[in-house]
Amino acid sequence: MTPATVLHRGCSLSYAVRGDGPAVLFVQGVGAAGSGWTPQVEGLAGRFRCVTFDNRGVGRSVPAGGPITIEQMADDARAVLDAAGVEAAHVVGHSLGGPVVLQLAVAARPRVRSLALLCTFARGKSAAPLAARMVWAGLRAQVGPRRWRRRAFLELLLPPAALRGIDRDALAASLAPLFGHDLADHGPTEGEQLRALRAFDATPRLAELAGLPTLVASATHDLIAPPALGRALAAAIPGATFAELPDAAHGAPISDAARVNELLAKHFAAAGPYP
């Protein structure tokens, strides 16, 4: 995929399109580049036109060009759809991308064929509840030697069983291209994204999404978006379906790509043609 750009509200947004068929827009989480969706693009591009992009201030979409808010990020997603020539798409959001696509759906409903909300939540302040493992891993991912930070980040992405007997240094190195940076690094945009997330709450508007085909998928071992948050999100959107990935954590789209892709393909097919 050769990246293209669209200038929107002070930021040159970098996006890429691959595949043919109904359009799917993928929106990433905190600090992650659009390349994090590579497992989904590789698995789905034979049936769908996959559109990925770097959120403003991340990857090739720099500098951010202004304040970062969830509303601004949702408008960026709409601008990418415009630039890619997509009238309406199935829209997928992971983690921070969940609130972004929820805002896109309530603000620009005709652009959204269906919603898929992966490892996410409606209210930013609900994310990363203060369980002991979350606090310990989160602290080590931010401070200390680079090797510690990489290993702690892996503990946020993967369930404990997946890390047993694994060369964690080699695994961290292999994942860096997907995230667009060394897992030890945390750029200033991450802090801005987190502040925007904490200020956002889609809960009061979720009922407006009645009739929009919606999938909410959570991972059993997710420390950042525990399944209870996913179940609550699905319950608040009339008609939404909920699925739980039992052997996965927050990085499910990467570590459990085959199952995530199967869920997405079935969800898109069930959504049917856009009226």
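This report walks through a sheet, some helices and a few single residues of one protein model. Keep in mind that the model is predicted.

**The sheet**

Let's start with the strands. Eight of them form an open sheet, and their order across it is E1-E2-E4-E3-E5-E6-E7-E8. The pairing in this sheet is mixed. In general, strands of a sheet pair through backbone hydrogen bonds, either parallel or antiparallel. At the edges you'll find strand E1 (4-8) and strand E8 (241-245), each of which pairs on one side only. Ignoring direction, neighbouring strands of the sheet are turned against each other by 25 degrees on average.

Now look at strand E3 (residues 23-27) and strand E4 (residues 49-53). These two pair in the parallel sense, over three bridges. If you want to find one of the partners, go to Ala23: its bridge partner in E4 is Arg49.

How many of the residues of E3 are buried? Five of its five are, so you can call the strand mostly covered, given that buried means under 20% relative accessible area. As a general point, side chains in a regular strand alternate between the two faces of the sheet. In E3, Ala23, Leu25 and Val27 point one way, while Val24 and Phe26 point the other way. Residues on both sides of E3 are buried.

**A helix on the sheet**

What packs on this sheet? Helix H11 (residues 257-271) does, and it touches E3, strand E5 (89-94), strand E6 (112-118), strand E7 (214-219) and E8. The direction of H11 makes about 155 degrees with that of E6.

Phe268 is a handy residue to click on here, since its place is in helix H11. Its relative accessible area is 3%, which is why Phe268 counts as buried. Leaving out residues up to four places away in sequence, Phe268 touches Val24, Leu44, Phe48, His90, Val92 and Ser114. Val24 is one of the E3 residues you just met. For another view of Phe268, pick His221: the two are 47 residues apart in sequence and 26 Å apart in space, C-alpha to C-alpha.

**Two pairs of helices**

Next come helices that pack on other helices. Two packed helices are described by the angle between their axes and the distance between the axes. Here are both pairs side by side.

| Helices | Angle | Axes |
|---|---|---|
| H2 (residues 70-83) and H3 (residues 97-107) | about 70 degrees | 8 Å apart |
| H5 (residues 146-157) and H7 (residues 168-179) | roughly 75 degrees | within 10 Å |

With that angle, H2 and H3 are therefore roughly perpendicular to each other. H2 passes H3 in a right-handed crossing. On the H2 side, the residues that meet H3 are Ile70, Glu71, Met73, Ala74, Ala77 and Arg78. They meet Pro99, Val100, Gln103 and Leu104 in H3. Sorted by class, this contact has seven nonpolar, one polar and two charged residues.

The angle between H5 and H7 makes this pair roughly perpendicular too. H5 brings Arg147, Arg150, Arg151, Phe153, Leu154, Glu155 and Leu157 to the contact. From H7 come Arg168, Asp169, Leu171, Ala172, Leu175 and Phe179. By class, that gives seven nonpolar, no polar and six charged residues.

**A buried glutamine**

Is Gln193 buried or exposed? With a relative accessibility of 0%, Gln193 counts as buried. You'll find Gln193 in helix H8 (residues 188-198). Setting aside its neighbours within four places in sequence, Gln193 is in contact with Gly29, Val30, Gly31, Asn55, Val58, Ile68, Met73 and Leu96. Met73 came up before, among the H2 residues that meet H3.

**Some backbone details in the loops**

Which peptide bond is cis? The one from Val62 to Pro63 is, with omega near -5 degrees. Pro63 sits in the loop between E4 and H2.

Two other loop residues have a positive phi although they aren't glycine. For Arg9, phi is near 50 degrees, and for Ser95 phi is near 55 degrees. Arg9 lies in the loop between E1 and strand E2 (11-18), and Ser95 in the loop between E5 and H3. Arg9 has 54% relative accessibility, so Arg9 counts as exposed. Ser95, at 8% relative accessibility, counts as buried.

Key
Residues numbered from 1 in each chain as written. Predicted model: local features only at pLDDT ≥ 70, side-chain atom pairs only at ≥ 80, totals over all residues. Heavy atoms only, no water. Axes fitted to C-alpha atoms, helices over the stretch in contact; angles between N-to-C directions. Helix = DSSP H or I, 4+ residues; strand = E, 2+ residues; numbered from the N terminus. Parallel < 35°, antiparallel > 145°, perpendicular 65-115°, else oblique. Left-handed = near helix turned anticlockwise from the far one by under 90°. Contact = heavy atoms within 4.5 Å. Nonpolar A, V, L, I, M, F, W, Y, C, P; charged D, E, K, R; others polar. Pairing = 2+ DSSP bridges. Buried < 20%, exposed > 50% of the residue type's maximum accessible area, 1.4 Å probe, protein only.
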